[in-house]
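Let's work through some short exercises together. Take each task one step at a time, and keep the model open beside you.

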Amino acid sequence: MSLPSHHPFSIEYTANPHPTFARAHGGDDFIEVPEMQALLVHGYDAVRALCDHPSVSRNPMDAGFGDAEALAQRMERWPTLESAALQMVNEDGTANTSVMRELLAPDFRPSMIRKMDETVHEVVEQVCAPLRSERSLDIVKTVQEVPLRVISRLLGIEDATRDADLFLSSAPDYFRGINPVASDTDRDKAELAAKTMFEILERTVADRRANPQTDMVTQVIEIADKRGDVHPDVLVRVLVILVAAGTDTTRLSTSLAVKTLLSHPDEMEALRDDRSKIKNAVMECLRFESPTKYLMRASTEDFEIDGREIPRGRLILLSLMGAGWDPRVYPEPERFDVDRDLRGSLNFGFGSGYCLGVHLARLQVGTLLDYILDHLPSNARVIEEGITWDPGNLSLRELTALPVEIP
Ligand code: HEM
């Protein structure tokens, strides 16, 4: 049976959510998906309000989603994977990201990220080299290793070591398995991958304890030690969450940005001529084709928003791309405009969970775009019929192939 076109798992919505945006912005802002007990939200004001609302949680378990027995079974079969789920959880089961933010925030300040500039350039040059010589290539494959290599360097896993190879080869299986609707087979593979990644990071933490350096892991250990209440397992989990949060989002953002630029050759030329616009262009690319499908929230009590009653126990799916296409905030949203005023953008979320890696993300996507402008001519042609998507990801718009030919 085919899914309705607004359904989060439909190929139509994943590849082209605009008809659903038009419906939502035309007045139907809370679209129900009864079989998921879900509400889809696409309007800017509602998305912004619900990102960080007192009656919603970022952990669906807080709202009674998922029964305890099923969770216990999952914990038994996939213990590493479940314990590394993209939430830090308090002893009473509620979500807690404040420890993570406290440990990581100093490493993600703009001044620290500027120091990463050279590393990011090096990684981009190394990974994207095929763009210099190939006449036909898949952009998704070409750029996909950039964020993972940047993060593994940031974590102090040295290039060309056994750990670096293991880390790079395990991560894709791990990412596939943390998708909330991954198959059991994918989860089995992800459990093995998660174990490997945990072991590598445990080794890195142990090494930095013995030989402190001026790097991120050493700093995280120092902050944790100062607090005195951070269990060593939590420390490693924070690092794994970082890898999970920062890799796929960045990988997809870049591929989607290339897709957008190649379908707007005039804008691409203007950008090629004036690279000072890249910073804003990154944000406009993220608005135009967001890597995020939905942020997940759940209502922890009955409440009202925009005159609409929301009962407890609803899965609330917030579309950041829908918010970026809301014509009440971004006029003529279908116009790709690298000079657009993007103040108030929700590309990186809003409120207490706002993206910790925003500066690193903008640096990476900007560096990649700069490189692509150097090496990919505007007459490069996207092979439309070769574009593929994986619609079964609730959090991300998973573009899986973007073949391009260079005449
Ligand atoms: C273009 C790439 C990226 C995009 C579009 C993006 C987007 C987002 C969004 C929308 C959120 C909010 C999630 C929510 O409220 O549920 C978020 C959170 C987060 N991001 Fe990013 N992100 C990107 C890259 C990165 C990078 C490179 C890192 C770090 C290496 C990172 C680390 C994080 C972390 C740790 C959180 C969780 C913050 C918390 O729970 O308090 N992100 N990101």
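**Exercise 1.** Decide whether K195 in this predicted model is buried, partly exposed or exposed, and then place K195 in the fold.

*Solution.* Start with the relative accessible area, which is 38% for K195. Buried means under 20% and exposed means over 50%, so K195 counts as partly exposed. Next, look for the element: K195 sits in helix α13, residues 184-210. As an extra, try F350: K195 and F350 are 155 residues apart in sequence, and their C-alpha atoms are 32 Å apart in space.

**Exercise 2.** Find out which protein atom is a donor to the iron atom of the ligand, and describe its residue.

*Solution.* Look around the iron: its single donor from the protein is SG of C355, at 2.3 Å. Now trace the chain, and you will find C355 in the loop between α18 (320-324) and α19 (358-375). Last, check exposure: with a relative accessible area of 27%, C355 is partly exposed.

**Exercise 3.** Work out why C128 is not in a disulfide.

*Solution.* Recall the idea: a disulfide covalently joins the sulfur atoms of two cysteines. The cysteine sulfur closest to that of C128 belongs to C285, 15 Å away. The cut-off is 2.5 Å, so this distance is too far for a bond. The structure as a whole has zero disulfides. C128 is also buried, at 0% relative accessibility.

**Exercise 4.** Describe the second largest pocket by its volume and its lining.

*Solution.* Its volume is about 390 Å³. Of the 18 lining residues, those closest to the centre are M116, R153, L154, D215 and M216. Sorted by class, the lining has seven charged, six nonpolar and five polar residues.

Definitions and conventions. Residues are numbered from 1 along each chain as its sequence is written. This is a predicted model: local features need pLDDT of at least 70, side-chain atom pairs count only at pLDDT 80 or more; totals for chains, interfaces and linings use all residues. Side-chain values use heavy atoms; hydrogens and water are left out. On a 1 Å grid over the protein atoms alone, a cavity is a set of points where a 1.4 Å probe fits but cannot get out, and a pocket is an open set with protein on both sides within 12 Å along at least five of seven lines; lining residues have an atom within 4 Å of a point. Grid points are joined across faces, edges and corners, and a volume is the space filled by probe spheres set on the points. Ala, Val, Leu, Ile, Met, Phe, Trp, Tyr, Cys and Pro count as nonpolar, Asp, Glu, Lys and Arg as charged, and the others, Gly among them, as polar. Helices (H or I, at least four residues) and strands (E, at least two) are DSSP runs, numbered from the N terminus. Buried means under 20% relative accessible area, exposed over 50%, partly exposed in between (1.4 Å probe, protein chains only). Donors are N, O and S atoms within 2.8 Å of the metal (3.2 Å for Na, K and Ca); water is not among the atoms, so sites may look incomplete.
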